[in-house]
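This report walks through a ligand site, two helix contacts and some backbone features. Please look over the sequence and the fold first.

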Amino acid sequence: MAQGPDRYDIAIIGSGISGSTLGAILARHGLKVIIFEAGSHPKFAIGESMILETSETMRAMAELFAVPELAYFSSENFIAQIGTSHGLKRHFSYLHHREGQPQDLARSLQAVIPQRPHGYELHIHRQDSDYFLTSVAVRYGATVLQGTPVQDITLRPDGVEILTSQGQTYAADYVVDAGGMRSLLAEKFGWRARDLRTHTRTIFTHMVDLPCYNQVGASHQEYGIPFPVSEGTLHHIFHGGWLWVIPFNNHPRATNPLVSVGLQLDPRIHPARPDLSPEQEFFAFIARFPSIAAQFREARAARPWARSDRLQYTATHVVGERCCLLGHAAGFIDPLYSKGLYTTLMSTALLAHLLLDAQRAGDYATARFMPLEELTLRFVAAHDRLVANSITSWSNDKLWEVYAVLWLTGAYLEYIKLLSTRGLSKSRDDYFATVAGLRMVGGGFAAFDELADRVDTLIEAVDPGDEAAVDRAVAEIRAAFAAVPWMPWAFQQVLAGSNHLPANKLRLSLLKQNTGFMGGGAYRKHFFGDASLAEVARFFVRESLTYSTAAQTIRKRLSFRRRRAAPAAARAPRVRS
Ligand SMILES: Cc1cc2nc3c(=O)[nH]c(=O)nc-3n(C[C@H](O)[C@H](O)[C@H](O)COP(=O)(O)OP(=O)(O)OC[C@H]3O[C@@H](n4cnc5c(N)ncnc54)[C@H](O)[C@@H]3O)c2cc1C
């Protein structure tokens, strides 16, 4: 096998969001990286709706690995850097529908995303983000071969050999398969597994002329929610499935007319219609829900429709000798709650950390990478249970009213833990020692995990069609929530019947003992350690300033001036980790 100058430290299959991000980090730290990409950028990719946890992971990567560009998709405050093709996400909105009936305004929920301290989230136009991140990898020194599918990989104790479909071979110390759902390594080694709870298939495209739902249905004021539903990710939910609406055209600076649309259906309830084209099947299905059909009356697809069989898969192994699966190559459940990119980017961050250490030690032993396998499989399993039980709960909205609060609480706690870990960690080792133990929801807080298990078990046991059993389960779930001293007050309001989280304002209630942001007791200890309220407030202010639009603009201008003045050879900065 090749040694010397033609040999790479790390070979990466795929320059989607995981491969390009990993490549950028490793190249930035001086590793010799080669990325093989079957297609060529810019190219369509799916996975557009960001969440707080994903954005926070991006900020952590940007800071811990000194790759500032990785934070560019973490909020609206970066639109000046990344362009106006991306949409704005102020909230998650859920409208519950019953077949054949107009949407009932009482069955709605708007989970407003906090604007402070980092700005609202984004709907990322993936052909732009993935091309940008691939360019960042190139800029830091990675070799990217586009239009170069990998055909085979040979693993040896001392390295790997990559064979491209053009017949060229490349040698590297380690290979990362970031090739997405059709992962070469997973197929070659028979690592695919599908024993999962969730069953959904999908039909999706990008559309134009899709109005805000509030223009065809009731206004957001009539719903009593803070924002029009088009200013965030809209979910139409119903028995056995859901439909996402992710606009890119939803803010004053937007230049992209597209709206992403995707229908997920449980094939056991809504069997596939191979007799219809994907477009015909989509419109035939939504015709059963008059309010959804009204929103789509004038809409037209801007690209061919995509239709899949069952979406869910996981892996029996994520890590092998001198190789691993990353992101979509390892597993995927469903777009619901936008946890896919969080799973993908958290595993990318952890893998970057492990690879930098392995390369420095000259030791790629499989055991070093087991934290990646454990984290990835824990995330996929947690998402599976969350999605499967959410879909069950949509069959009886009394269940959804309480299950939604479990989703909200789990996401909120995870975000708080990520943020506080970045704030409190003294080093990269410190940070990953904590986050490697997370399980995607709940921030590693044992009291949440117990609560979630209790609620999930109740949902799994109940027949949504049996109203008496549903009432008993709901009463038990409410009692379980009521017994939790740290349940945030805003979620208690939702449990009490509010159909939205409050729009962003700094409120004194955030400081409430136990149920406020800092809370007390075991909650406070777990999430904030020994930090005082003043220290947390200082961190909050620093974050607001560091990630403000003004700070980004100044930083960008200074960096541009520095680059203009620097000799060409100095323009691809490296750091030694
Ligand atoms: C329908 C759907 C909707 C989703 N919506 C959301 C959402 O709203 N929010 C969210 O957070 N997540 C979402 N996700 C998940 C999200 O798409 C993934 O987490 C993310 O795209 C995974 O990125 P990746 O880089 O691992 O894989 P991919 O984006 O799939 O990239 C894989 C790359 O590898 C290349 N490749 C493949 N095989 C080879 C080969 N043999 N040789 C060379 N190159 C190869 C491909 O061309 C591609 O560029 C969604 C997923 C699906 C399926």
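Which atom of the ligand lies 3.1 Å from a backbone N or O atom of S338? An oxygen atom.

## Basis

The model is predicted: local features need pLDDT of at least 70, side-chain atom pairs count only at pLDDT 80 or more, and totals for chains, interfaces and linings use all residues. Residues are numbered from 1 along each chain as its sequence is written, and side-chain values use heavy atoms, with hydrogens and water left out.

## Ligand site

The ligand has 31 residues around it, counted when a heavy atom lies within 4 Å. E37, K43, I46, V150 and L341 come nearest.

Backbone atoms supply polar contacts (pairs of N or O atoms within 3.5 Å). G340 places a backbone N or O atom 3.1 Å from an oxygen atom of the ligand. At S49, a polar backbone atom is 3.1 Å from a nitrogen atom of the ligand.

## Helix α10 and its partners

Helices here are DSSP runs (H or I, at least four residues), strands are E runs of at least two, and both are numbered from the N terminus. Axes are lines fitted to C-alpha atoms, for helices over the stretch in contact, and angles run from 0 to 180 degrees between N-to-C directions. Helix α1 (residues 17-28) packs on α10 at about 30 degrees, with the axes 10 Å apart. The two are therefore roughly parallel, the term for angles under 35 degrees. I17, S18, T21, L22, I25 and L26 of α1 meet α10 residues, including L341, T344 and L345; contact means heavy atoms within 4.5 Å. This contact has 10 nonpolar, four polar and no charged residues. Nonpolar covers Ala, Val, Leu, Ile, Met, Phe, Trp, Tyr, Cys and Pro; charged covers Asp, Glu, Lys and Arg; the others, Gly among them, are polar.

Helix α13 (residues 428-435) also meets α10 (residues 340-361). Their axes come within 11 Å and cross at roughly 130 degrees. That pair is therefore oblique, a class outside the roughly parallel, roughly antiparallel (over 145) and roughly perpendicular (65 to 115) ranges. On the α13 side, R428, D429, Y431, F432 and V435 take part. The contact residues divide into seven nonpolar, one polar and three charged.

## Backbone exceptions

Most residues other than glycine have a negative phi, and most peptide bonds are trans. H41 and P42 are joined by a cis bond, omega about -5 degrees. P42 sits in the loop between β2 (33-36) and α2 (52-64). R116 to P117 is also cis, with omega near 5 degrees. P117 lies between β5 (108-112) and β6 (121-123).

Y337 has a positive phi, near 70 degrees. Its loop runs between β20 (323-325) and α10.

Conventions. Polar contact = N/O pair within 3.5 Å; in protein donor to acceptor, adjacent residues only side chain to side chain.
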